[in-house]
Each structure stands twice: as structure tokens, then as C-alpha cells.
Amino acid sequence: MLLMGAIRGLPAWVVGEFIGTFILVFFGCGSVCAAVTTGAEVGVFQVAIVWGLGIATAIYLTAALSGAHLNPAVTISLAVWGGFPKSRVLGYIATQMAAAFVSAALLYVIFGGAIAEFEAKNSIVRGQAGSEASAMVFGEYYPNPLGKPLAVADPDRMPWWRAFVAEVVGTALLLLVIFCTTDANNKDRPQILTAATIGLTITMLISLLGPLTMACFNPARDFGPRLFSCLAGWNSVPFAANGTGWLTVYIIAPIIGGLLGGLIYRILFQRNYKAYKHAIVSEDAAAKQ
């Protein structure tokens, strides 16, 4: 009874951000688990579309409760460019991180046997160098391990600086879409299809950048599951395989990208949306006279 009372007493935004981020990670990382350990998904698009549909579902369920940020890069960008209360930023981020961690733990309960079987078949020793080949079902690495140790990957395919640029650009495009599709002055905004549009944007970005950086764009989605993988036997590998890349590429780059996307929206779109809407209203008023 005390637990039920505590849950019922949670602010709506905590419920929204926790459940929404939980769903995002469950479907997204779940699709990676299935693809890597069982070969269920064939090709990057099948993983990407599950990610996109999962995000759209999470937004439809939770936007009315918290605005469905589900991503620290979104929360920070909205606080800087969208008028979101800065006093809630840390609370939102903490909730997103906690939800991502819990979702990863549940996925491990479900896929633990499949992961162990995959490791046995491929001579992967969890916690030792090369076990990022299986840890990738939780955290992200560059270049995309594709189920193999990074030692056999071609580092020239995606060095640190290219991975950083890719994550900045991908997150900037995502935030630009979010700002533009939710601007009430954009007369062609998708409205009821906003969540679907954002989800499909993620699908396209993962299809394009997933083979290179695994397409993060979300520090909570990466850090929560990455931290869980450390505790689940991979030890220091998730934070050592790419050096400081876990921080620079998968946390700092998405935050910078989110701020960049918001800045582009503010400079090139927001004012023009307002001006165009005002012009249309003025024309309609003149026509009625």
C-alpha cells in the first residue's frame, strides 16, 4: 500500500519521462538484442524501423504527461531555445537515465540466455577485450562492431572525429524536426502525426548512420544501458573500448547537436513561421473586406 501510494504521488512528468524512456529503450535496444544474438532482424532498416515505431509509441503515450522529451539532448535544447523550465532539467535527465537503466536490466532478464549463447558460439569472453561484440546490445560503439570485436574492424571507417561529427549532425537534424513539427505557427506541421514524423526521422537517421556509430543521438539511451552492462559482467569494457568516446561521442556530441538544431530552428525557421502565418492571416482578412 505504501508503494502504491508513493507511485500515485509521483508528478505526472516523472511518470511520463520514465515510462516513455523505458519504452524507447525497450523497443530500441531490444531490436539490437534480437538482431545481434538471434539474427531475427535482417539489415539495419529492420532495426531502425523498430526504433522509430518504439519512439513514436512512447511519444503518443507520454507527451500529455511530460512533453515526451525522453532524451537529455532534447531537454537541454528545449531549456535553451524552447522556454522549458531550467529548474526541471536535472530532474528530467535523472529520470531518463534511471528509466534507460531499468529497461536495459529487463532486457537482460529476457535476452540473457541468448546473449550467453551468442558469446559461446563466437568465443567471446565477457569482460575481456573484444567483448564489446556482445556489449553492443546495450551501449554503442564506433565503428559499429556488427557483432564482432572492434579489433577486427577497420578504424579508418569511423575514427573518433568522424563519429563525433556524425552524432552532432544526426542529433541536430532530430531536434530541428522536433522544433519545426511542434511549432504552432508552422501551418503544415503534421499535428496528430507529429510522433510518427519524429519516429520516422529516427528511422532514417539510424538507417544512414547506424552502420557507422550505431546512431545514438540520446545520452540516456546510451549511458543507462552502458552502465548496466558494466554491472552485468562486461566490467570496464563498455567504458574502455572506445577510450573517452563514450563521453565525447555519445554524450557531449548529442548535446551539442541538440543545441545546434535548436539554434538553426531559432534563426531560420521560428521567425519565418510567424511572419508567414501573419501574412496569411492578413491576406485572409483583406479578402473578407
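Q: Which residues have the most contacts inside the largest nonpolar core?

A: A general idea helps here. In soluble globular proteins, nonpolar side chains tend to be buried together. This model is predicted, and its largest nonpolar core has 63 residues, with W51, F138 and L174 having the most contacts inside it.

Q: What does F138 touch, leaving aside residues up to four places away in sequence?

A: F138 touches C29, A104, L107, Y108, I115, R221, P225, F228, S229 and W234. There is also a second, separate core of 9 residues, including Y142, C216, Y250 and A253.

Q: Which residues form a nonpolar patch on the surface?

A: The patch is formed by W160, W161, V165, V169 and L173, and together they have about 480 Å² of accessible area. W160 lies in helix α7, residues 160–181. Partly exposed means between 20% and 50% relative accessible area, so W160, at 40%, counts as partly exposed.

Q: How many salt bridges does the structure hold?

A: There are 5 salt bridges. In one of them, R126 pairs with E119, and their closest N and O atoms are 2.9 Å apart. R126 counts as partly exposed because its relative accessibility is 21%, while E119 is buried at 6%.

Q: Are D222 and R226 buried or exposed?

A: Both D222 and R226 are buried. They form a salt bridge, with the closest N and O atoms 2.9 Å apart. Both lie in helix α9 (residues 219–234), 4 residues apart, which is about one turn of the helix.

Q: Where does D188 fit in, and is D188 buried or exposed?

A: D188 meets K187 in a salt bridge, at 3.3 Å from N to O. D188 counts as exposed because its relative accessibility is 59%.

Note on methods:
Residues are numbered from 1 along each chain as its sequence is written. This is a predicted model: local features need pLDDT of at least 70, side-chain atom pairs count only at pLDDT 80 or more; totals for chains, interfaces and linings use all residues. Side-chain values use heavy atoms; hydrogens and water are left out. A nonpolar core is a set of buried Ala, Val, Leu, Ile, Met, Phe, Trp, Tyr and Cys residues joined through side-chain atoms within 4.5 Å. Buried means under 20% relative accessible area, exposed over 50%, partly exposed in between (1.4 Å probe, protein chains only). Contact means heavy atoms within 4.5 Å. Patches are made of residues with over 30% relative accessible area and no salt bridge: like charges are joined within 9 Å, nonpolar side chains (Val, Leu, Ile, Met, Phe, Trp, Tyr) within 5 Å. Accessible areas come from the Shrake-Rupley method with a 1.4 Å probe; for residues, only the protein chains shown count as cover. A salt bridge is a side-chain nitrogen of Lys or Arg within 4 Å of a carboxyl oxygen of Asp or Glu. Helices (H or I, at least four residues) and strands (E, at least two) are DSSP runs, numbered from the N terminus.
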